[in-house]
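Colleague: I would like to walk through this model with you. May I ask some short questions?

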Amino acid sequence: MVILLSLSAIALFVPVFSGYVLGLVMILIAIVTWRSGQFNKQNSQFMRFFEALLPVSRSAVIFWLSLVLASIGAALISDSFDLREARRSLGNFFVKYILLWFAYLSFWWRLGGSDRHWSVFSFAYAIVSFINASYCLMQRQLGIDWAHGFGAMLGENRLAYGVYRVSGFMGHPLSLAYCQILALIGAVHFIQRSTSNWVKFSWSISAICSFFVLFISGSRGPQVIALAGVLLMIPVDLWRKRGVLISLSMLIFLILGISFGVFERFFELFKSGFGGDMRLAHWTVHWRVFVDHVWFGLGSGTPKSAISTYYSAIQANDNIKLAHNAFLQCAADFGLLGLSGLIIWLTAWIRVATRMSGAKRVLIVLFVLSALGGLTQNNLQESAYVLGLTTWTMIITSIEVGTRERSIRTVENQNHLAREDLATN
């Protein structure tokens, strides 16, 4: 258990395949321990955990079925449809939205039932987070790319204003940045909720490291969204008591960022041929695709050349055929049917939040940030992001359920002792 928790911390910083391997291990553990005495003893905690996340479990199945139905509809009306490609695409979606979810569902409920396991994961994550932040700083300055070998270097395409955009041990800078947003919000939540000073210290280290990586990342959208997330996580009472101090801290942060040039990529938005107008071209193309194929989309089995026609119509480069908008991407690929499934799946986080007390704010913030990120990037289709969202949601829920379970047992014990006192008197 301790080893698996440590590996789970590492999996949040490396390519997503490691998370899938851990999912397989979690399924094997669940099979072995399903009828054990340990499971029977903690059965009520598992059921509370499962019920708390039931809205996401149901919505994930609905989402995937909507993609299947949209693909079938697109295939029936399309002149050229690659069935093998459609199966591959739907299989990929099945793994990251359903199989991964239910595999992790069988494991993470155990975390909230043990203070020792919770401490192990907190410490392990803080250590890995510090290592990742140190590596990202070296990568930004030197361009090293150890994910592809100790002698590998990042390409010139990663240079922005003379420094490298960091991706850590992941493949793409935005994959790292959006995953670090989830880590930052999760860490801030646990700083607020933890009662142990050592655990609180560990999450403070993790939060600082995540914030630092985002600060130097060169990824514009994630920097803005991370700042919004941190502000949303600040309790209203703290705003009232420390509003001036918070505002002053933000001003100092902004000045430091400008001084060290970490925000200079924002000025690319005003230059022709860079991020701003290129996204506009992608949005225009995928909106037109959606309008022309409103019910089922182009379909996951339609040749990629089909979308090139839309880029040619607006005289744009089609080297990257992605929408840079998770909602437009889903609408163009799977039509209104698939988009409805995506919205049902994403809004499930709100329905889970309504069942919570201490974790309500953080789950709503995760929903808001995921939706905001989806407006400028395909984060909701990104395997690494889905893995991160799955993991952090389950960790947060497990600790919430575990805390609630211990509170219930404490009250029951107090009532039992009170009844015994009355009986003896």
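Modeller: Go ahead. Keep in mind that this is a predicted model.

Colleague: Is threonine 391 buried or exposed?

Modeller: Threonine 391 sits in helix H16, which covers residues 383-424. Its relative accessible area is 3%. The cut-off for buried is under 20%. Therefore threonine 391 counts as buried.

Colleague: Which residues does threonine 391 touch, leaving out those up to four places away in sequence?

Modeller: Contact here means heavy atoms within 4.5 Å. With residues up to four places away left out, threonine 391 touches Leu12, Tyr104 and Trp108.

Colleague: Which residues have the most contacts inside the largest nonpolar core?

Modeller: That core has 89 residues. Helix H14, residues 326-353, gives the most to it, with 13 residues. The residues with the most contacts inside the core are Trp108, Phe121, Trp345 and Leu363.

Colleague: How many residues are in the second, separate core?

Modeller: This core is separate from the largest one. Its members include Cys136, Val166, Cys179 and Ile216. The count is 11 residues.

Colleague: What does tryptophan 108 touch, not counting residues up to four places away in sequence?

Modeller: Tryptophan 108 is among the residues with the most contacts inside the largest core. Thr391 is one of its partners, and so is Phe121. The full set is Leu5, Ser8, Met26, Phe49, Phe121, Thr391, Met394, Ile395 and Ser398.

Colleague: Now the surface. Which helix supplies the largest share of the nonpolar patch?

Modeller: The patch is made by Leu24, Ile27, Leu28, Ile31, Phe94 and Leu99, and spans about 540 Å². Helix H2 (17-33) and helix H6 (83-105) each supply at least two of its residues. The largest share, 4 residues, comes from H2.

Colleague: Is isoleucine 31 buried or exposed?

Modeller: Isoleucine 31 belongs to helix H2. Its relative accessible area is 61%. The cut-off for exposed is over 50%, so isoleucine 31 is exposed.

Colleague: And alanine 30: buried or exposed?

Modeller: Alanine 30 also lies in helix H2. Its relative accessible area is 7%. Under 20% means buried, so alanine 30 is buried.

Colleague: How far apart in space are alanine 30 and tyrosine 104, C-alpha to C-alpha?

Modeller: In sequence, alanine 30 and tyrosine 104 are 74 residues apart. Leaving aside neighbours within four places, alanine 30 is in contact with Ser106 and Arg110. From C-alpha to C-alpha, alanine 30 and tyrosine 104 are apart by 9.9 Å.

Terms used. Residues are numbered from 1 along each chain as its sequence is written. This is a predicted model: local features need pLDDT of at least 70, side-chain atom pairs count only at pLDDT 80 or more; totals for chains, interfaces and linings use all residues. Side-chain values use heavy atoms; hydrogens and water are left out. Buried means under 20% relative accessible area, exposed over 50%, partly exposed in between (1.4 Å probe, protein chains only). Patches are made of residues with over 30% relative accessible area and no salt bridge: like charges are joined within 9 Å, nonpolar side chains (Val, Leu, Ile, Met, Phe, Trp, Tyr) within 5 Å. Accessible areas come from the Shrake-Rupley method with a 1.4 Å probe; for residues, only the protein chains shown count as cover. A salt bridge is a side-chain nitrogen of Lys or Arg within 4 Å of a carboxyl oxygen of Asp or Glu. A nonpolar core is a set of buried Ala, Val, Leu, Ile, Met, Phe, Trp, Tyr and Cys residues joined through side-chain atoms within 4.5 Å.
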